[in-house]
Amino acid sequence: MGPPVASRGRAATPTVGKAMLNKYARAFFTRVLTPFAAFLIRRGVSPDTVTLIGTAGVVAGALVFYPRGEFFWGTVVITLFVFSDLVDGNMARQLGRSSRWGAFLDSTLDRVADGAIFGGFALWYAGGGDDNVLCAVSIFCLASGQVVSYTKARGESIGLPVAVNGLVERAERLVISLVAAGLAGLHAFGVPGIRYLLPVALWIVAVGSLVTLIQRVVTVRRESAEAEAGTQRPARGSEAAT
Ligand SMILES: CCCCCCCC/C=C\CCCCCCCC(=O)OC[C@H](COP(=O)(O)O[C@@H]1[C@H](O)[C@H](OP(=O)(O)O)[C@@H](O)[C@H](O)[C@H]1O)OC(=O)CCCCCCC/C=C\CCCCCCCC
Ligand SMILES: Nc1ccn([C@@H]2O[C@H](COP(=O)(O)O)[C@@H](O)[C@H]2O)c(=O)n1
Ligand SMILES: [Mg+2]
Ligand SMILES: [Mg+2]
């Protein structure tokens, strides 16, 4: 087994097949957030500090507000902190200090933040939201999102490129859910007919995550078969010798 293909995180991510947001929105937000990242660097803040505080803010916003059905304020708090996930890497790159540890910390805490967001939805539907089906859909979104990310991490750890990102990456999962939750939260301010956006978004994320999971598993199976065939193919001329 060779060394992990993508052990340094984003630099090794294949550019083909990137999902739309990661392809286009990331470049835009990089331009917008670079001055802020530079400001934090000048103030002596480290990328790891931004990663940790950003995750803590997302977790707090999700678990304080969502289980009570306060979707507007929960989404406002989460949105304030979630962009730290783009700022930390930006700071590391400006400092020339992108590291394996940073990639590990970033990805690991992404999973924590996602767990809190979809866990917050599940807690609402298990309690005051009183909807077992939507509670189950929220749990499915939580679990499938984690597994989707795991497929890439595990595939790369066994030396495969995993050259597919799939239909619904993390950025899509977050944008679809958070935009819908923020808008659904306006129901509390008297905006009619809007609270159904969150259930619709959760179903979209659930189905999209399942499709993405299948895309990634199929890719890893193909790449794995190609890699095995490559290593098991007899050396040239060895057939004649036996
Ligand atoms: C009047 C109504 C008011 C409503 C209140 C406010 C609403 C605000 C609504 C939404 C805001 C959504 C913001 C979401 C921003 C997400 C940014 C982000 O952090 O994305 C993370 C993503 C991935 O980062 P990484 O590369 O660090 O992570 C990798 C990833 O997790 C992999 O997982 P996988 O994809 O495989 O499942 C792991 O495998 C890997 O380990 C890990 O490293 O970053 C990006 O992809 C970059 C693109 C970001 C795009 C952001 C787009 C934001 C678009 C719109 C926001 C504003 C919309 C406002 C609408 C308001 C509507 C009312
Ligand atoms: N504390 C951190 C966080 C991130 N990195 C590096 O940035 C990459 C992720 O970039 P994002 O734009 O998606 O945040 C990650 O793979 C690391 O290389 C870091 O070094 N320290
Ligand atoms: Mg990050
Ligand atoms: Mg991240």
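D106 sits in helix α5, which runs over residues 100-126. The model is predicted. D106 is buried, because its relative accessible area of 17% falls under the 20% cut-off. Setting aside residues up to four places away in sequence, D106 touches T51, D85 and D88.

Helix α5 holds a second aspartate of interest. D110 lies four residues from D106 in this helix, about one turn away. D110 is buried too, at a relative accessible area of 11%.

Now cross to helix α4. This helix spans residues 84-95 and contains D85. Beyond its neighbours within four places in sequence, D85 is in contact with D106, D110 and R170. The contact between D85 and D106 thus appears in the lists of both residues.

What does the UniProt record say here? Its unreviewed entry lists D85, D88 and D106 under "binding site". These residues are spread over 22 residues of sequence, yet they cluster in space, with a largest C-alpha distance of 8.2 Å. D85, D88 and D106 are also included in the lining of the largest cavity.

The metals come next. Which atoms coordinate the magnesium ion (ligand 3)? They are D85 (O), D85 (OD), D88 (OD) and D106 (OD), at 1.9 to 2.3 Å. D85 therefore contributes both an atom labelled O and one labelled OD, each within the 2.8 Å donor limit. Along the sequence, the donor residues of this ion are spaced D-x2-D-x17-D. The pair D85 and D106 links distant parts of the chain: D85 is in helix α4, D106 is in helix α5, and 21 residues separate them.

The magnesium ion (ligand 4) draws on an overlapping set of residues. Its protein donors are D85 (OD), D85 (OD), D106 (OD), D110 (OD) and D110 (OD). They lie 2.0 to 2.6 Å from the ion. In sequence, the donors follow the spacing D-x20-D-x3-D. The last two aspartates of that spacing, D106 and D110, are the pair set about one turn apart on helix α5.

Why is the arrangement around the magnesium ion (ligand 4) irregular? Its six donor atoms subtend angles of 53 to 155°. In general, six octahedral donors would ideally give angles of 90 or 180 degrees. An octahedral label needs opposite donors over 155 degrees apart and all other angles between 65 and 115. The range of 53 to 155° does not fit, so the arrangement counts as irregular.

How far apart are the two ions, ligand 3 and ligand 4? The distance is 3.5 Å, and D85 coordinates both. D85 is thus a bridge between the magnesium ion (ligand 4) and the magnesium ion (ligand 3).

Step back to the empty space in the protein. A search of the whole structure finds three cavities of 30 Å³ or more. The largest cavity holds about 90 Å³. It is lined by 14 residues, and those closest to its centre are T55, S84, D85, D110 and R170. D85 and D110 in that list are also donors of the magnesium ion (ligand 4). Helices α2 (47-65), α3 (71-82), α4 and α5 each supply at least two residues of the lining.

There is open space to consider as well. The second largest pocket has a volume of about 340 Å³. Of its 19 lining residues, F71, W124, A184, H187 and R195 are the closest to its centre. Two or more residues of the lining come from each of α3, α5 and α8 (197-232). Helix α3 gives the most, with three residues. Helices α3 and α5 also appear among the contributors to the largest cavity.

Finally, take the chain as a whole. It has nine helices and zero strands. Its pattern along the sequence reads α-α-α-α-α-α-α-α-α. Of its 242 residues, 39% count as buried. D106 and D110 belong to the buried group. Among contacts between residues at least 6 apart in sequence, 80% join residues at least 24 apart.

Definitions and conventions: Residues numbered from 1 in each chain as written. Chains lettered and ligands numbered in written order. Predicted model: local features only at pLDDT ≥ 70, side-chain atom pairs only at ≥ 80, totals over all residues. Heavy atoms only, no water. UniProt positions renumbered as here; feature names shortened; annotations may be inferred. 1 Å grid on protein atoms, 1.4 Å probe; cavity = no way out; pocket = protein on both sides within 12 Å on 5 of 7 lines; lining within 4 Å. Contact = heavy atoms within 4.5 Å. Buried < 20%, exposed > 50% of the residue type's maximum accessible area, 1.4 Å probe, protein only. Donors = N, O, S within 2.8 Å, 3.2 Å for Na, K, Ca; no water. Tetrahedral: all angles 85-135°; square planar, octahedral: opposite > 155°, others 65-115°. Points joined across faces, edges and corners; volume = space filled by probe spheres on them.
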